[in-house]
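Got your viewer open and a selection tool ready? Let's take a walk through this one together, stop by stop.

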Amino acid sequence: MEEHRLTTGSTEAATSEPAAPVARTRPYEGMFVAFNKEARKTHEYLEEHIQALLAKVGAKVARFHKWDQRQLAFEINGQREGIYYLVYFEAPTDVIAHLKREAELSELVLRALVLALDRIPTEEELRKRSSSAEEAMREGEELRGEGGYDGGRRPRSDRRGPPGPMGPMGPGDGEREREREAEPG
Amino acid sequence: MPKKKSRIALARARQRRYKKFVDRGPCRFCKKEGLVIDYKDVGTLERLCSQQGKLFSRKRSGNCAKHQRQLKNAVKQARYVGLLPFVG
């Protein structure tokens, strides 16, 4: 019995070679946050570094641009500022984990977010999306009156006053914030 | 001794209390066709978060379940890349 099993196994291996699995290629959106001290003067090398990371895993870059340079909401790897690079690329599905790992090991890249897409959006589509989101917010505010997005709640007497240790509550906060922003200085 | 309210009266009082939240139109994002809630749209996300950085409830923002879910994901992605704070 044992002998039979062994022979069958060996013949199978000799006759049918297992086909190499082919990974599907699909579009992705990648947001890379990179920064270091030298980036204040020039940041071209950051771009090159990210492009090298993508090239290393065999990604086909469709669009690459600097999205923004801004203060981070919190400190990441001792950096308070970051340059955001937005990349649309096509890559085999099995290299994404490798790309994330490479980005994690890199000292220049603070964060990397890779999202799978159905297709790469055009510039026109992107512009349309952001404007419609803004419009939706504006209309929402109009509908809900002065209270804005608060669902029409009016400030109650116990919600007034300075913000407590747990942060201010109620819809009055948004108004207070807007007033603060409107004030010069 | 004050008269105890009946169950029906209590239910009606509760209905009245929550009426202002119930009588609302569709979600602000539902009105826009083809709208995608994106983590890069920081302005929109910030306005739907409290000063502490917590996402407003559906009851408060008036969003539908689908868009609230999309917002949740967008806020989490924005937090990861340092666009929004985890704690305000």
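Leaving aside neighbours within four places in sequence, which residues is R119(A) in contact with? Select R119(A) and look around: it is in contact with P27(A) and E125(A). Keep in mind that you're looking at a predicted model. R119(A) itself sits in the loop between β4 and α4 of chain A. Now pick F89(A) as well. R119(A) and F89(A) are 30 residues apart in sequence, yet their C-alpha atoms are 9.9 Å apart in space.

**Zoom out to chain A**

Colour chain A by secondary structure. You should find five helices and four strands. Trace chain A along the sequence and the pattern reads α-β-α-β-β-α-β-α-α. Chain A has 185 residues, and 36% of them are buried. Switch on the surface if you like: chain A has an accessible surface of about 12,000 Å², with 50% of that belonging to carbon and sulfur atoms. As for contacts in chain A with a separation of 6 or more, 68% are between residues 24 or more positions apart.

**Select the sheet**

Next, show just the strands of chain A. In what order do the four strands of the open sheet lie? Going across, you get β2-β3-β1-β4 of chain A, with antiparallel pairing. Find β2 (60-76) and β4 (109-116) of chain A: they stand at the edges with a single partner strand each, so one side of each has no neighbour in the sheet. Turn the view a bit and check the twist: neighbouring strands in this sheet are turned by 20 degrees against each other on average, direction ignored.

**Step inside: β1**

Select residues 25-34 of chain A, which is strand β1. Is β1(A) mostly covered or mostly open? Mostly covered: nine of its 10 residues are buried. On one side, 10 bridges join β1 to β3 (residues 79-92) of chain A, and the two strands run antiparallel. Seven bridges join β1(A) to β4(A), again running antiparallel.

Now click on E29(A), a handy spot for seeing both pairings. Its bridge partner in β3(A) is Y88(A), and its bridge partner in β4(A) is L115(A). Then move along to M31(A), which stands opposite L86(A) in β3(A).

While you have side chains showing, here's a rule to carry with you: in a regular strand, side chains alternate between the two faces of the sheet.

**What packs on the sheet?**

Add residues 96-105 of chain A to your selection. That's helix α3, which packs on the sheet and touches β1, β3 and β4 of chain A. The direction of α3 makes about 165 degrees with that of β4(A).

Now bring in the other chain. Residues 65-80 of chain B form helix α4, which also packs on the sheet, touching β2 and β4 of chain A. The direction of this chain B helix makes about 155 degrees with that of β4(A).

**A side trip to a loop**

Go to N77(A), in the loop between β2 and β3 of chain A. What is the phi of N77(A)? It is near 50 degrees, a positive value in a residue other than glycine. N77(A) is exposed, too, with a relative accessible area of 59%.

**Over to chain B**

Hide chain A for a moment. Chain B has four helices and zero strands, so reading from the N terminus its elements simply run α-α-α-α. Of the 88 residues in chain B, 38% are buried. Chain B exposes about 5,800 Å², and carbon and sulfur atoms supply 53% of that. Among contacts in chain B between residues at least 6 apart in sequence, 57% join residues at least 24 apart.

**Last stop: a pocket**

Bring chain A back and find the second largest pocket, which holds about 410 Å³ of space. To get to its centre, select L117(A), R129(A), V36(B), I37(B) and D38(B): of the 20 lining residues, these lie nearest. Which elements each supply at least two residues of the lining? They are β4 and α4 (123-143) of chain A, along with α4 of chain B. α4(B) gives the most to the lining, with four residues. You've met that chain B helix before: it's the one touching β2 and β4 of chain A.

Note on methods. Residues are numbered from 1 along each chain as its sequence is written. Chains are lettered from A and ligands numbered from 1 in the order in which they are written. This is a predicted model: local features need pLDDT of at least 70, side-chain atom pairs count only at pLDDT 80 or more; totals for chains, interfaces and linings use all residues. Side-chain values use heavy atoms; hydrogens and water are left out. Two strands pair if DSSP finds at least two bridges between them. Axes are lines fitted to C-alpha atoms, for helices over the stretch in contact, and angles run from 0 to 180 degrees between N-to-C directions. Contact means heavy atoms within 4.5 Å. Buried means under 20% relative accessible area, exposed over 50%, partly exposed in between (1.4 Å probe, protein chains only). Accessible areas come from the Shrake-Rupley method with a 1.4 Å probe; for residues, only the protein chains shown count as cover. On a 1 Å grid over the protein atoms alone, a cavity is a set of points where a 1.4 Å probe fits but cannot get out, and a pocket is an open set with protein on both sides within 12 Å along at least five of seven lines; lining residues have an atom within 4 Å of a point. Grid points are joined across faces, edges and corners, and a volume is the space filled by probe spheres set on the points.
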